[in-house]
Amino acid sequence: MKNLETAFQHVRGFTIAIVACAFIAVSFMAWQVKSESIALQSKIYIVSGHTAWSAIAADKSEYLPMLARGHIRAFHEAFFTLDPDEKVIRQNLTRALYLADGSAKRVYDSLSLSGYYSGIIAGNISQRINVDSVQVDTRNAPYHFRCYATLHLVRSTSDVSQSLITEGDLREVSQSDNNLLGFLIENWTTIENKVLTVSNH
């Protein structure tokens, strides 16, 4: 009888130990599956052609200053990158005008009326912009910005460098194929555009 009682106690203890270990193992597996599920939900897969990239989803506010600067840079590069080709000028300016409001359209109209774009074509001039820095205040919407850049005009007889400073406001809008970052530039004005250097060929 004593042997039976001892054996029963051993079996009971062994059973309790197995059940406890199983419970711990199942709990650990459930926690691991949940963690992996949360991690997978935060991943984004971007497919382009035959290539796929994995990205991590994050709160937009964390990257707001970087996204705002990227939008401002993209607008200025599209608006001020010109070649002596009417089709190239039209494509770049169309892309730029999707990123800004009527204030940019008014600048475009003014330059068109003054013959600036026809002068680019007639003079075989290439214009490039180097955005040096962009300052954006993202504390309150709309976000005020100031862009510091250098324009380079390449002519057959000379190269001209100009200092360009612009400012305006940035408003969040819906993202689209024409406006990937979802911002719109408003009240855009040029506060400085002066010649820095002229190099004759």
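**Reading the pocket, a buried aspartate and the salt bridges**

Me: Which element gives the most to the lining of the largest pocket?
Reply: In this predicted model, helix-and-strand bookkeeping points to α5, which gives the most to that lining, with four residues.

Me: How is such empty space found, and what volume does the largest pocket have?
Reply: The general idea is that rolling a probe the size of a water molecule over the atoms shows where empty space is left. Here the largest pocket has a volume of about 240 Å³, and its lining consists of 19 residues, with Phe80, Leu111, Tyr116, Gln127 and Asn193 lying nearest its centre. The elements that contribute two or more residues to this lining are α2 (60–80), α4 (102–113), α5 (116–122), β4 (143–154), β5 (158–172) and β6 (183–200).

Me: By class, what residues does the lining of the largest pocket have?
Reply: The lining has 13 nonpolar residues, five polar residues and one charged residue.

Me: Where does aspartate 169 lie, and which side chain of opposite charge is nearest?
Reply: Aspartate 169 lies in strand β5 and is buried, yet it has no salt bridge, since the nearest side chain of opposite charge, that of arginine 171, is 9.2 Å away and a salt bridge needs an N to O distance within 4 Å. The side chain of aspartate 169 does make polar contacts, one of 3.0 Å with the side chain of histidine 144 and another of 3.0 Å with the side chain of asparagine 187.

Me: Is leucine 164, in strand β5, buried or exposed?
Reply: Buried means under 20% relative accessible area, so leucine 164, at 3%, counts as buried. Leucine 164 and valine 131 are 33 residues apart in sequence, while their C-alpha atoms are 9.0 Å apart in space.

Me: How many salt bridges does a search of the whole structure find, and what does the one between arginine 128 and aspartate 83 tie together?
Reply: The search finds six, and in one of them the closest N and O atoms of arginine 128 and aspartate 83 are 3.0 Å apart. Arginine 128 lies in strand β3 (residues 126–137) and aspartate 83 in the loop between α2 and α3 (86–97), so the pair ties together parts that are 45 residues apart in sequence. Arginine 128 itself is partly exposed, at 36% relative accessibility.

Me: Which helix holds both glutamate 86 and arginine 90?
Reply: Both lie in helix α3, four residues apart, about one turn of the helix, and their side chains meet in a salt bridge with an N to O distance of 3.8 Å. Glutamate 86 is exposed, with a relative accessible area of 54%, whereas arginine 90 is partly exposed, at 46%.

Definitions and conventions
Residues are numbered from 1 along each chain as its sequence is written. This is a predicted model: local features need pLDDT of at least 70, side-chain atom pairs count only at pLDDT 80 or more; totals for chains, interfaces and linings use all residues. Side-chain values use heavy atoms; hydrogens and water are left out. On a 1 Å grid over the protein atoms alone, a cavity is a set of points where a 1.4 Å probe fits but cannot get out, and a pocket is an open set with protein on both sides within 12 Å along at least five of seven lines; lining residues have an atom within 4 Å of a point. Grid points are joined across faces, edges and corners, and a volume is the space filled by probe spheres set on the points. Ala, Val, Leu, Ile, Met, Phe, Trp, Tyr, Cys and Pro count as nonpolar, Asp, Glu, Lys and Arg as charged, and the others, Gly among them, as polar. Buried means under 20% relative accessible area, exposed over 50%, partly exposed in between (1.4 Å probe, protein chains only). Lys and Arg count as positive and Asp and Glu as negative; His and the chain ends are not counted. A polar contact is a pair of N or O atoms within 3.5 Å; within protein, one must be able to donate a hydrogen and the other to accept it, and residues adjacent in sequence count only if both atoms are side-chain atoms.
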